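Please open the model in your viewer and keep the sequence panel beside it. The stops below are meant to be selected one after another.

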Amino acid sequence: MEDSITILVVEDDKYIISFITMFLKDEGYKAIVAETGKEAIALFYANNPDVTLLDLGLPDIDGMEVIRQIRERSNAPIIVVSAREKENDIINALDCGADDYMTKPFYTGELLARIRVAQRKINSMTNPENLEAFTCDNLTLDYIKGLVFVDGKEVHLTPMEYKLLKLLVANRGKVLTHNYIINQIWGYGEVGDAKSLRVFMASLRRKIEKDTANPRFILTQVGIGYRFAEK
Ligand code: CA
């Protein structure tokens, strides 16, 4: 139930703290607040929150360092909520192990949606999904046979495209950086670059999307990476 979900809010702006905590409480979440990075790490270990909302610009240590320290011991979802809009900061945070990001100012509805995606991650960690098949609208992946269907008809994917699609679906709702995808698909130290990723992605989209200019399934996060549609 939602009222059992504890959210650690790491933020040094008092106005944003009161806004976020009030909003979370209204939605039935339990919120705890850390105003510095060191306090965040201490509270994280003391309370083991389900989800962490993290501001990157903190008065003591950098938010990036908070992500690293949490990730040394826990895989719990971290959503970066930051005024930094530089793509590099966001990419670094995601590559350090953050699950998602939102830039300020944000809509509360969007924040709730991100929290729901994070909750799904928690559920799938404790309660693995049925891995036989995945269906979203007219797209079906049959994991047992390794086949993909669009409108009930089999589409032929190359092994690389299939791997890519599986990775995106397994992380649906969550943005994956170019680096993350490249490392997962090609492996560390092997040849794989953003350009080849774009080529594979374009080819995959041609096979599964009705309108590649306006994709239904694989969404582009400009400058950051890709996200499989949440619903
Ligand atoms: Ca700040």
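Which residue in E12 is the bridge partner of Leu219? Select Leu219 and then look across to E12, where the bridge partner is Arg227. As you inspect this pair, keep in mind that the model is a predicted one.

Widen the selection to the strands around that pair. E11 and strand E12 (residues 225-228) run antiparallel and are joined by 4 bridges. They belong to an open sheet of 3 strands, in the order E10-E12-E11, with antiparallel pairing. Strand E10 (175-177) and strand E11 (218-221) stand at the edges with a single partner strand each, so one side of each has no neighbour in the sheet. On average, neighbouring strands of this sheet are turned by 30° against each other, if direction is ignored.

Next, select the calcium ion together with its donors. The ion is coordinated by Asp12 (OD), Asp55 (OD) and Gly57 (O), at 2.1 to 2.4 Å, and along the chain these donors follow the spacing D-x42-D-x1-G. Asp12 sits in the loop between strand E1 (6-10) and helix H1 (14-26), while Gly57 sits in the loop between strand E3 (51-54) and H3, so the pair ties together parts that are 45 residues apart in sequence. Colouring by accessibility shows Asp12 as partly exposed, with a relative accessible area of 32%, and Gly57 also counts as partly exposed, at 33% relative accessibility.

From Gly57, follow the chain to helix H3 (residues 63-71), whose buried residues are Gly63, Met64, Val66, Ile67, Ile70 and Arg71. Turn the view until you look down the axis of H3: the buried residues fall within an arc of 160°, so they line one face of the helix. At the N-terminal end of H3, select Asp62, which caps the helix with a side-chain oxygen 2.9 Å from the backbone nitrogen of Met64.

Then move to helix H6 (residues 159-170), which has 12 residues and reaches 16 Å from its first C-alpha to its last, close to the 16 Å expected at 1.5 Å a residue. Its buried residues are Glu161, Tyr162, Leu164, Leu165, Leu167, Leu168 and Val169.

For the final stop, select Thr140, which lies in strand E7 (residues 139-142) and counts as partly exposed at 22% relative accessibility. Add Ile208 to the selection: the two residues are 68 residues apart along the chain, and their C-alpha atoms are separated by 9.9 Å.

Technical notes
Residues numbered from 1 in each chain as written. Predicted model: local features only at pLDDT ≥ 70, side-chain atom pairs only at ≥ 80, totals over all residues. Heavy atoms only, no water. Buried < 20%, exposed > 50% of the residue type's maximum accessible area, 1.4 Å probe, protein only. Helix = DSSP H or I, 4+ residues; strand = E, 2+ residues; numbered from the N terminus. Arc of directions from axis to C-beta. Polar contact = N/O pair within 3.5 Å; in protein donor to acceptor, adjacent residues only side chain to side chain. Donors = N, O, S within 2.8 Å, 3.2 Å for Na, K, Ca; no water. Expected span 1.5 Å × (residues − 1). Pairing = 2+ DSSP bridges. Axes fitted to C-alpha atoms, helices over the stretch in contact; angles between N-to-C directions.
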